[in-house]
Amino acid sequence: MYTILLIIIGLIALYSATSGLEFAEFKKQLIWVVISIPIFIIFFVIDYKILVKISLPLYIISIILLILVLLTNAIQGASSWFSFGGVSLQPGEFAKIAVILYVANVMAKIKSKGEKAINKPLNILLVLGIVFLPVFLIILQPDYGTAIAYLLALVLMLFVAGIDKKYIIISVILVVIIVPLLYFFVLPQHAKNRIDVYLNPYMDPRGAGYNIIQSKLAVGGGRLLGQGFLKGTQTHLGFLYPKTTDFIFAVIAEEMGFIMCVAIVVIYVLLITKSIAVAKNSSDELGSYLAIGLVGILLFHIIENIGMTIGLLPITGVPLPFISYGGSSLITNIIIIALILNISNKDKQLSFG
């Protein structure tokens, strides 16, 4: 039910955002919604344990696709899409499913050898290596937002598996040391600009800071009830970009107001809460690891997209689940919900969508 509500809200927002563009992306999104229905049914009906059994081939295929996509022509500065005519597919999105399935499988096998087996250094390195390989390839595209989503999923999976606190402390220390080094010696200039602009958008108001400034103006302009459907100033005068993907939440805030934004956040909170409950109450560890990893993917996208729209987080270009335009994102998120419901259904726990 929650998923359906979010998709409907997204379609309404896309209809408005594309009203001056012959509704091209709105029509495409409708097609993707229809395509996602049989995909949802497939991943809901097939036992997730069967899907886990073929997770290694899926993982290998994903790695191959992530390598091949690096050879494509860059779109908006990133080599992240395969283009077939008028359709673009992002392998980094679909790889999320394969990676989480395979990591959950490996972690469940490790845990079966003993309660503390997950804390053995070699086992931790194995799990880290499985995730870091696709993360490294995604960073090469570059797509830092998607890469961070993988890492958050990994952190949650390790936490649920009972990783020793000493590893958590070591990781925190490494992050504190590595992050400044990455900023000064590794990140390309455009990535540094995004961080600098995040800290002070008005240092380049007509350049790198333009999009976030316009987004904040749109959000503020909506006030309590919004300016009205199809009446958003920033949206329809062309100031807000990209309004169908990264800043679709700003479109909603401007036209539907603060109340609708709060309603969307509440729906997300309910969706995430029930998904966590599935992970917590799963009858086997495999289901727990899989569910919490999938939750991590959704959670990062929700927090990051809304956060960057209102200026609380750096712009990373991640879409808002079920609302932003994009076939790859929509189908991936539909599969995530189908798998969580799959786990829930097998344990006869919760009923939601």
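So, Ile-334: this residue is buried, with a relative accessible area of 6%. Before I go on, keep in mind that we're looking at a predicted model. Ile-334 sits in helix H14, and if you skip residues up to four places away in sequence, it touches Thr-3, Ile-7, Ser-36, Phe-40 and Phe-322. Now compare its position with Asp-284. The two are 50 residues apart in sequence, and their C-alpha atoms are 23 Å apart in space. Hang on to Asp-284, we'll meet that residue again shortly.

Staying in the same neighbourhood of the sequence, let's look at Ser-329. Helix H14 is home to Ser-329. Buried or exposed? Ser-329 counts as buried, because its relative accessibility is 9% and the cut-off for buried is under 20%. Leaving aside neighbours within four places in sequence, Ser-329 is in contact with Glu-93 and Pro-319.

Glu-93 takes me to the salt bridges. How many does the structure hold? There are three salt bridges.

Let's take Glu-93 first. Glu-93 pairs with Lys-96 in a salt bridge, and the closest N and O atoms are 3.0 Å apart. Both residues belong to helix H5, residues 91-111, and they're three residues apart, about one turn of the helix. As for how covered they are, Lys-96 is buried with a relative accessible area of 2%, and Glu-93 also counts as buried, at 2% relative accessibility.

Next up is Lys-111, which makes a salt bridge with Glu-285, with the closest N and O atoms 3.7 Å apart. Lys-111 is in helix H5 while Glu-285 is in helix H13, so this pair ties together parts that are 174 residues apart in sequence. Lys-111 is buried, with a relative accessible area of 8%. Glu-285, on the other hand, comes out as partly exposed, at 35% relative accessibility.

And here's Asp-284 again, as promised. The side chain of Asp-284 meets that of Lys-49 in a salt bridge, 3.2 Å from N to O. This pair links distant parts of the chain: Lys-49 is in helix H3, residues 48-53, and Asp-284 is in the loop between helix H12 (248-281) and H13, with their positions 235 residues apart in sequence. Asp-284 counts as buried, at 18% relative accessibility. What about Lys-49? Lys-49 is partly exposed, at 38% relative accessibility.

OK, on to helix packing. Two packed helices are described by the angle between their axes and the distance between the axes. For H10 and H12, the angle is about 25 degrees and the axes are 6 Å apart. Angles under 35 degrees count as roughly parallel, so H10 is roughly parallel to H12. The crossing of these two helices is left-handed. Who makes the contact? On the H10 side, you'll find Ser-215, Ala-218, Val-219 and Gly-222, and on the H12 side, Ala-250, Ala-253, Glu-254 and Gly-257. By type, the residues in this contact are four nonpolar, three polar and one charged.

H10 shows up in another spot too, over at helix H9, residues 189-199. Which residues of H9 are buried? In H9, Ala-191, Lys-192 and Val-197 are buried. The cover over the buried residues of H9 includes helix H7 (144-161), helix H8 (165-186) and helix H10 (210-222).

To finish, two loop residues. Asp-246 is in the loop between helix H11 (233-236) and H12. At 14% relative accessibility, Asp-246 counts as buried. Setting aside neighbours within four places in sequence, Asp-246 is in contact with Asn-305, Met-308, Thr-309 and Gly-317.

The other one is Leu-313, in the loop between helix H13 (285-309) and helix H14 (327-347). Leu-313 has 28% relative accessibility and counts as partly exposed. Again leaving out neighbours within four places, Leu-313 is in contact with Tyr-198, Ile-303, Glu-304, Gly-307 and Met-308. You may have spotted Met-308 among the contacts of Asp-246 as well. And how far is Leu-313 from Ile-195 in space? From C-alpha to C-alpha the distance is 9.0 Å, for residues that are 118 apart in sequence.

Conventions: Residues numbered from 1 in each chain as written. Predicted model: local features only at pLDDT ≥ 70, side-chain atom pairs only at ≥ 80, totals over all residues. Heavy atoms only, no water. Helix = DSSP H or I, 4+ residues; strand = E, 2+ residues; numbered from the N terminus. Buried < 20%, exposed > 50% of the residue type's maximum accessible area, 1.4 Å probe, protein only. Contact = heavy atoms within 4.5 Å. Salt bridge = Lys/Arg side-chain N within 4 Å of Asp/Glu carboxyl O. Axes fitted to C-alpha atoms, helices over the stretch in contact; angles between N-to-C directions. Parallel < 35°, antiparallel > 145°, perpendicular 65-115°, else oblique. Left-handed = near helix turned anticlockwise from the far one by under 90°. Nonpolar A, V, L, I, M, F, W, Y, C, P; charged D, E, K, R; others polar.
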